[in-house]
Structure formats: C-alpha cells, structure tokens
Amino acid sequence: MKCCEKCGQELDANTGLCPKCDKKKTSINPKKFKKRYIIIPVAFLLICTIVLLCFSTCNKISVPFVSNGFEEGKIEVKHCTYNDVSYKNNELFVKSQLLITPTSDYSYNDIESAVSGYNGKIVGYIEFTNDYQVEFSEMDYDSLNSTMESLEKELNNTDIMLNRVVYQDEETDKTPIKEFEEKDKNGNWWRDAIRLTELESESNNYQEVKVGIYDTLFDTDNEDLKYAINKTDIWYNNEKEIEVSNGGTHGTNVTGFLAAKKSNDYGIDGVANNVKVFGYAYRGNTPNYHPVSIMDLKYWNAKMLAKGVKVINISAGNGELLVAAQNGSLRADYALRQVSESLGKFYRKYINAGYEFVVVKSSGNENGYQWIHCTESKDNPYGVKIYDADSDGDIGHYTEIKDVIFEAKYDIWGAITDSKVKNRIIVVGSSSEENTRAYHSVSGERVDLYAPGERLRELTSDKPGYGTSYAAPMVSGTVALMWGVNPNIEADKIKYLLVSSATQPIEDENYQIQPDSDNVVKMYKCLLDVKGAVDRAKTYDKITPQSTENTNVSYLLGIVRIYEDGKIQYNKEDCKVSIYKNNSEETLYKELSTDEYGEFETDIESGTYIIKAETKDGTYVSDRYIIKIEANDAKYINDIYMYPNKNAQISNTSFTCDKYLVEYDNVVYYVDRDGLWRNTGKEEGELLYDCEATNIATNGEVIYYSVYHKDVTAFCKEYNQDMTWHQYDLYSYDLRTSLNSKVTSFNECGKPICYYNGKIYYTDYNDDFNGFVTGLAQSLYSYDLSTGEKEYISDKAGIVIPHGSSIYFRDMLASMDLSSAQIQCLDLTNGKVKQITSDGVSEMVLSEDNLFYTIYTYKTITGSDNHSYTKENCKVHKYNTLDGTDELIFNEESDSIRIQYVDDEYIYYSSDEPYYNYRLNLTTHEKTYVNSQKWSRNYTFGVYKLNDSALYYHRTYFYLYELKDDGKEPKALDDGYRNGAELLTINNNRIYFVYDDSDRDYFFYRIAGFDFSTQYSSE
C-alpha cells in the first residue's frame, strides 16, 4: 500500500494521486493563477498578523511542522480550562464544542461551511488527521446533541462527538516511609534489579533517539537534564510554578529516571543518555485543575509526532474514570470507550502513514488509595473519589469501595482495542524490591511489563519516592536504548522484543488468557530486563514479510519459552511449533521450528488457530494456545510457555495431604469457601483462585480440588419435599506452572480423595441421587485423567482415608447402625476391595502406618433404683497397614472414646460424660487425666503434640499444656481465635484450623490460622 508523503492517505491505485492533496491541486483554475500569485503574499502577511493577535489574546495556537519527510500542516487547538468544562446529564465536556473527524472526502472549507450554518467556527485543527474542534455560540447540551445529529446527516461517514473531558492526575503516590533503609541502596536498588548496572559495564554505541514526555512541569536548568533539553522544546512550561504547584516537580523526576546524566556526581543516574527530550507541561496550561479534552490529547500527541518523537512517555492518569468504569458505572464506561476509541483512530492514521513510534503508559496508582462513593458533581462526575479524612470527615458516612484490585484495561490507553495500535502501547506497572506487584500499582492482564516503583531516590529529593510514574520512564529509557543500538527495529516489534526479553516473573502476576475455555493458558507478567532487551535489539534483523497479493494473509511472529520453578528460560532453539485450524478435527495447518532465539514466524491466513509447542525430546510441552487472526494484520505472541510434560513420571513425593490442605515443606495449600489458597507462613494467605471450594488431593505436582458449580433441586420422596444440594466440578492447579483449569464435572457432590497412577479417586452420590436420604452415604469412584472414563468402586463410603497405595473407608455413616460399618480397603495397585474388620467401627484415625479405630458394644443393666441403663463398652484397635496385624490396645466399659491425636507413644482422647481429656500410653496402657477445668463443659476438639507438650484446641481457645508438670494450668495462647471446628496442622510456626463460621452453610467452611512462633518454642 502506497501513501501520500504529505498527508499519509492511501494513493489511488489507478492514478497514483492522493484523493485529498491532489484533489485540491487539480481544483486550481490556471486562468486565475496569476491573480493568486499576487494575492498569496498579501494574504500571508494578513494571516501572520491575525495569528500573532490571536496568540497574544487567547490560548489558541497554530504550529506547522515538518518531520520524518512528512509535511504535517496545521496543528492547532483551543485549550480547555476548568471554567470551560460543562457538566450535564452526568457527562463532562467542553462548553459549546463538538469534535468532527470526517473522511478525506471533506476539506477544511467543507467543514467550515457545514458548521457555519449553526453559528459554529473551527477553533482547533490537526490537518494530518483531519480532526476539527468546532465551537458554537452559547449552545447547551441538548442543542449540541441536536446539532450533532443534523451534521451527521450532512457529513457522511463522519465521526462527530462532544469534546469530552477527563480530569488528569499525575501518577504519584503517598510515601509510606520517610527514610531509606540499607537494603534500598540509597534509593538506587532498582538499577541492579533491572540489570541496568550490568549493561553499563559493557561498551555499546547508541544513536540519539527523540523522546516525548507528557507531564506536569519541567526544570530545564537541572544539571542532570540540561544536556538533553532545549527549553524551546518544552511546551507550556512555567518553571515559576514548579515549587509552588502541588506535584510541580513530578515532570522533572520522571525525566530524571529516564534520562538523568550518568556519572556526573549529581542527582541520580537515569536509564538512557542517548535522548533528546521534548516535553509538554500540562500544568503550564491549567495550573489549578487539570481538565483535558479529547482535542487536547490529540494536540500534544500531534506536536510530538511532528517533531519525530519515537518514544512518548505518559506518567499521568485518569483515576476517577478508571475506578468508576471498573466499578460498574455505565456513564464512566461509555465515556472511557468514546475517548479511547477516538484516540485509537487518531494513532492509527499515523501508523498507516508509516510513523515509527511507541507510547509508554504508567498503569496507575489507584490501588494505593481508599476509594469511596460520593455525590455526583462536576468535580466528581462519576460518583467516586479518593477518601480524604481532613475534608471528608468520618469514613463511616460513606460507602467504601472494597476488595477491588483495579485493572489497567480501564485506563484510557489500556482500553484501546485496535490491535495495530495496541502493538505500539506499552502499559507499565510498578514492582517492589521483593519482586511483587507494588501495593499501589494498577495491574491486570493489560499491564505488559513491570518496573521498580517503590523506595526510589528522586532527582529532586533525597526522600523515598513511589509510583508507577517512575516505573514508566525506566521502560521508556530502555526503548530509547534499544532504538539507539539498532535504529532499524520496526516500531510494532519494540513491544514484542521488550516483553519477550523479560524472564523474571512478578510473583503472583499471571493471568488466564482464555477465561471461557476449560484449557487454561496463562500469561506471566515479568520485570523489565534492560540488558536482555538491549541484547535482543542488537541481534534483531529487520523482518520483511513475504509480499502477496492476497489481502487475506497476515503475519505471525512468536516466541516459545519454558516456565519451570517460577522462572522463564529464554532462547529454546529448534522446538516444534504446530499450528492447527480450530475445527472439529484440529487439522494441521503448518509445522514450524524455532530459531536460536526460540522464535518462529510465518505468513498466515485469517481465521482461528490452535498453537502447540514442544521440545524435540518431548520433555516440555505447551498447552493449547488459541489465537484469532484478522485479515491483513500482524500478531506478536510472547506468552507461549512450555512446561514439564505432565505425562512424565511423577517423582516429587515430598508432601503430606489430607482433605483440607497440602503441605510442601514450609508451604501450605488449602481450599475453603473463599477459594484455593497458598500460605508461606505470612499473616495473610495468597488467594490463587476465587471460588467456593472443598476437598483437596495431590500427586505432588498437581493439586485437584472441588469447585462449587450450581445448586441442584429434586423431589425427595422420603421427606416429601424438594431438596437442594450443591453440584461440584473437578479442578486442577499445576504447582509447576501455576495453571488452574477445569478437569470435569462431578455427577453431584463429588470430592477428590487422592491421586494414583493417572487416576483421581473421589466420592460422589449415585446417578439417581435426588436428595438427602437417611443412611445414604456417598459412593467411591475413580476418574482416569487421560481417557476421562469414570469407574464405580463401592457404595456407602462414609469415612475415607487414603494411605500409600490403598484407600481405607468405612461402609456406612457414623450416625447410623454401626453393625455393618466395617472398614474396607481398596488396593489401588489392582483395584480390589477387601474387608479389614469383622465388626462395625465408629471412627478411625491414621497415624504413620497405623490405623486406629474404635468399636462400641452396648448392654442393658438394671441399677439399684430398678431403672434400666445402657452401658457402653469401648475398644480401640491398632491395625498395621504394612503387615496387616491387628492389636487391641484399649478396652474399657466406662468411656466413650473420641480420638483426638495418635502418635507412636500415646492416644489422646476425650470422653463424653463427663467431658474429660486423657492420654493413653500405648506401651503400658496407662491412662493419664489431663486437667481441663478452664475448657468449660465441652470436650476438646483437637490436640496437636509438640515434643513434651500438647496443644489442645477447644471451641473457644487454644491452650498449650505442658504434660511434664501436671500442676501447671493450661496456658492460653490467644483468645482471639474462636469457633474452630478442627485443628489441622502447624507449619512454619503457623497454626491452621477449620474455622466454624457462624454464617456458613452445610457445605462450606473456612480455614484460618495465626502465628504460633511467639507463643511456643520447641527448645
């Protein structure tokens, strides 16, 4: 496609003429040329005089520029001030103004003529993109909309809209600390983190790159910046306001992180010193409020692009619009879409004309503030604001916006959907020294990259600085270095090369690409790697796609990498990449091999495809990556990851598991009514998947658990009423890859028990289950993960305990007649079930390789008062699962045993009436009473043995009891943890227990915990 070198429009295929520029030329009448030759100089002098008068009396300006070989023409705007902003019908817009963007069929004179009929005049104009800012004489909201409808009928295929306004805010954040700590390296820790120091130890030659910065104000006399700044290239700068205006130093600090002079014993060292800086100081325009119209946004972008700027840095945001749009405000969402779509079309015209540029946008700091709902007004048009204790008073008077992690897809630049424009926009979040998302940073899948944004030394201050504002210029500086070392990189490849060179994932910042698919493919958000990006830029050769007359053909470039143990391995050569058509047969379309950088490229027709990758030896494979290709498009994929082959032999067996949680050394995974969690000993666990979950099983590498799917209702004959219960789905979470995906749907209330040899064993109700029936227990099944086949094993599986290559289960519910509740054993190696006990058992507990179970017998006796009494006899057996021996270790007529804990030496148990706790020596069979006076009348629910002490858990408190000294009273550890149903484990000095939530339903529970290290020492 050939374009006009003057306006960028596509040339006519037959004549080779521009439909815009050449149309104007051919309209000149040769007979009138001489007259025009005389008139033009006179007109030019008059126009110059008028422009000078306008410039001195108002804020409308016109600037012609020539850059990159393109004659830009006029770039003019009438700036928007706070007094110009109108608020009507919950919309913000410039009073009496419309924006008109016609096709190239309409000239300036055409638009001028059309609007003059409505008493309108053109007050802003960008000739290259054919954007018009039109102001009418005192026209209100309704009249503007009426005029808009009329003009749309006159001007075919023309975009007409209100000149919408958003409030601009610089992305600075509150500072949690006042002084640097030693680990901060005086606020310069970030240079090592992004491998900038390592890059600077090398010798590289960089060409100059023009960088544009849109920010508050700029100190052009700063010693660190003078080399890169010409004062005439900083538009609207009012340096007198820098120290007076709140946030006035922001622009200087942002420029410092990008470009501060290195090794001059002054200030800080920036990322890139091969830059020429152009700046737009929006605080110079409107020093108090910061309203920005759509035309303002287009205007300053046009000015920068006209100067040949290749990197545009935007460390500013639109917080209220972002928060309101994500929080469900339809008005905010509509405004966001209008602004972003208009801006996207604007950028697309420059891209189509061959302009080489990228935009680097800070994601925002909205997660660092407390947001509240408020009354809608001109200052808060969407009914949300940041809570300010001084001006707002008691926060109890407001509705807080809680439990929301704000996402970058609701930012103006993040909301742009045009794929070719998105290739040019790099959204940057901020990270911490611990390589996590900084607490303030806006996140989400639209964030492309993270860079440090905490505890940073600013150019203008020795105090710690925070914010995504400072992360963005680190990325902008890196892009300048990439272009500086290789000017031949196409602009639409910069983002791909930058993101694919980053190999250190930000902890917990990974997102599901295909949320509606059972096959979950994740993208991992990584930390900026300056050295990796520059190294990749040095080796990059400009790619020229194969020419074709088929307009249906597009271009695809991708990279294949390995994700393992939280790390991304770069450069995997000669992997096989298979591309399939996404149809019922998944027909193979192409098979490719990766190059020395792990990359592949190809021409590809429009359509939907499935991409799979694997290493030569098959040890690493990717999941199915689904991609849609549009006609005449370019797609760049940097999130195809290969993982250890799931069909390979499972070798990791260093874990313990019960139905609630899985322990891997000092890491605990568990499920409850809030979802799947991970805790490494911290006060707050990490929510891996938000759902209502229950029961967990693992093979050491993949966790399997049940997720609530829907309620099921059926008529139950036994109770003569409709019964409702929960239906579950089986999900898996791969510990190697952090991939979470649905495996299958259970029939009813399926709960996984264990994994063995490619199968999940689980309990579920039968296919004909239609409500709760007295005495009905779940059945035991297996599910083959490879074939999807389900196998029935046994019915009435009440208590189920997996151990080694066996599953032990009791044949009936505990509340029913126990005579038929014998223990059964499923041998997983051969699928056979055998009976272990001849008598029915009440309960069973596994400890190491021993299974302890209780058997009760009852007899009726007549007392001295001639009344009949039922006497209970309890026996406790020890069954060795290795050799099958069975030993009677306790036999008493007086006690009703509730086993609490079993180890090699003792059984800890409680009795019913009275509520006493005992410890039984397994060798001597001696019974020791454990004082429980402080524990009220309820017996203890759980015991956890700790060396010579024991942790007793009661429904209200945890108590530590030192068994060496019977005279000591139990020690209350903490009286803040109440309503516990079951103590689970102690891991990494943290107690985990089932929290008996008062508002819980029958199906779900919560798991809670607290730090035990300050309460107990094992010494």
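**Figure 1. Helix α14 passes helix α16 in a right-handed crossing.** In this predicted model, the axes of α14 (residues 468–485) and α16 (residues 530–539) come within 8 Å and cross at roughly 25°. Because angles under 35 degrees count as roughly parallel, α14 is roughly parallel to α16. On the α14 side, the contact is made by Thr478, Leu481, Met482 and Val485. On the α16 side, Val530, Ala533, Val534, Ala537 and Lys538 take part. Sorted by class, this contact of α14 with α16 has 7 nonpolar, 1 polar and 1 charged residues.

**Figure 2. An open sheet is formed by 7 strands with parallel pairing.** The strand order is β12-β13-β11-β15-β17-β20-β21. At the edges stand β12 (229–235) and β21 (449–452). Each of these has a single partner strand, so one side of each is left without a neighbour in the sheet. On average, and with direction ignored, neighbouring strands of this sheet are turned by 25° against each other.

**Figure 3. Strands β15 and β17 pair in the parallel sense.** The view covers residues 311–314 of β15 and residues 358–362 of β17, which are joined over 4 bridges. One bridge can be located by its residues: the partner of Asn313 is Val360 in β17.

**Figure 4. Helices α7 and α9 on the parallel sheet.** Helix α7 (residues 250–259) lies across β11 (209–215), β12, β13 (275–281) and β15. The direction of α7 runs at about 155° to β11. Helix α9 (residues 294–306) also packs on the sheet, where α9 touches β11, β12, β13 and β15. The direction of α9 makes about 160° with that of β13.

**Figure 5. An open sheet of 4 strands has antiparallel pairing.** The strands follow the order β44-β45-β46-β47. The edges are β44 (751–756) and β47 (790–794). Both edge strands have a single partner strand, so one side of each is left without a neighbour in the sheet. The average turn between neighbouring strands of this sheet is 25°, direction ignored. Between β44 and β45 (residues 759–764), which run antiparallel, there are 5 bridges. Pro752 has Tyr762 of β45 as its bridge partner.

**Figure 6. Strand β50 is largely enclosed by the rest of the structure.** Of the 5 residues of β50 (residues 823–827), 4 are buried, so the strand is largely enclosed. Strand β49 (residues 806–810) pairs with β50 in the antiparallel sense over 5 bridges. In this pair, Arg810 has Ile823 of β50 as its bridge partner. Strand β51 (residues 832–835) also pairs with β50 in the antiparallel sense, over 4 bridges. Here the bridge partner of Gln824 is Gln835 in β51. The hairpin of β50 and β51 has 4 residues between the strands, and Gly831 in this hairpin takes a positive phi near 80°.

**Figure 7. Asn638 is a buried residue of strand β34.** The strand spans residues 634–644. Asn638 has a relative accessible area of 17%; because buried means under 20% relative accessible area, Asn638 counts as buried. Leaving out residues up to four places away in sequence, Asn638 touches Tyr496, Val499, Ser500, Ile559 and Arg561.

**Figure 8. Glu892 is a partly exposed residue of strand β55.** The strand comprises residues 886–892. The relative accessibility of Glu892 is 25%, which counts as partly exposed. Not counting neighbours within four places in sequence, Glu892 is in contact with Glu872, Asn873, Cys874 and Lys927. One of these, Cys874, is 18 residues from Glu892 in sequence, with a C-alpha to C-alpha separation of 5.6 Å.

**Figure 9. The whole protein chain, with 16 helices and 66 strands.** The chain has 1019 residues, of which 53% count as buried. Among contacts between residues at least 6 apart in sequence, 60% join residues at least 24 apart.

Key
Residues are numbered from 1 along each chain as its sequence is written. This is a predicted model: local features need pLDDT of at least 70, side-chain atom pairs count only at pLDDT 80 or more; totals for chains, interfaces and linings use all residues. Side-chain values use heavy atoms; hydrogens and water are left out. Axes are lines fitted to C-alpha atoms, for helices over the stretch in contact, and angles run from 0 to 180 degrees between N-to-C directions. Helices (H or I, at least four residues) and strands (E, at least two) are DSSP runs, numbered from the N terminus. Angles under 35 degrees count as roughly parallel, over 145 as roughly antiparallel, 65 to 115 as roughly perpendicular and the rest as oblique. A crossing is left-handed if the near helix is turned anticlockwise from the far one by less than a right angle, and right-handed if clockwise. Contact means heavy atoms within 4.5 Å. Ala, Val, Leu, Ile, Met, Phe, Trp, Tyr, Cys and Pro count as nonpolar, Asp, Glu, Lys and Arg as charged, and the others, Gly among them, as polar. Two strands pair if DSSP finds at least two bridges between them. Buried means under 20% relative accessible area, exposed over 50%, partly exposed in between (1.4 Å probe, protein chains only).
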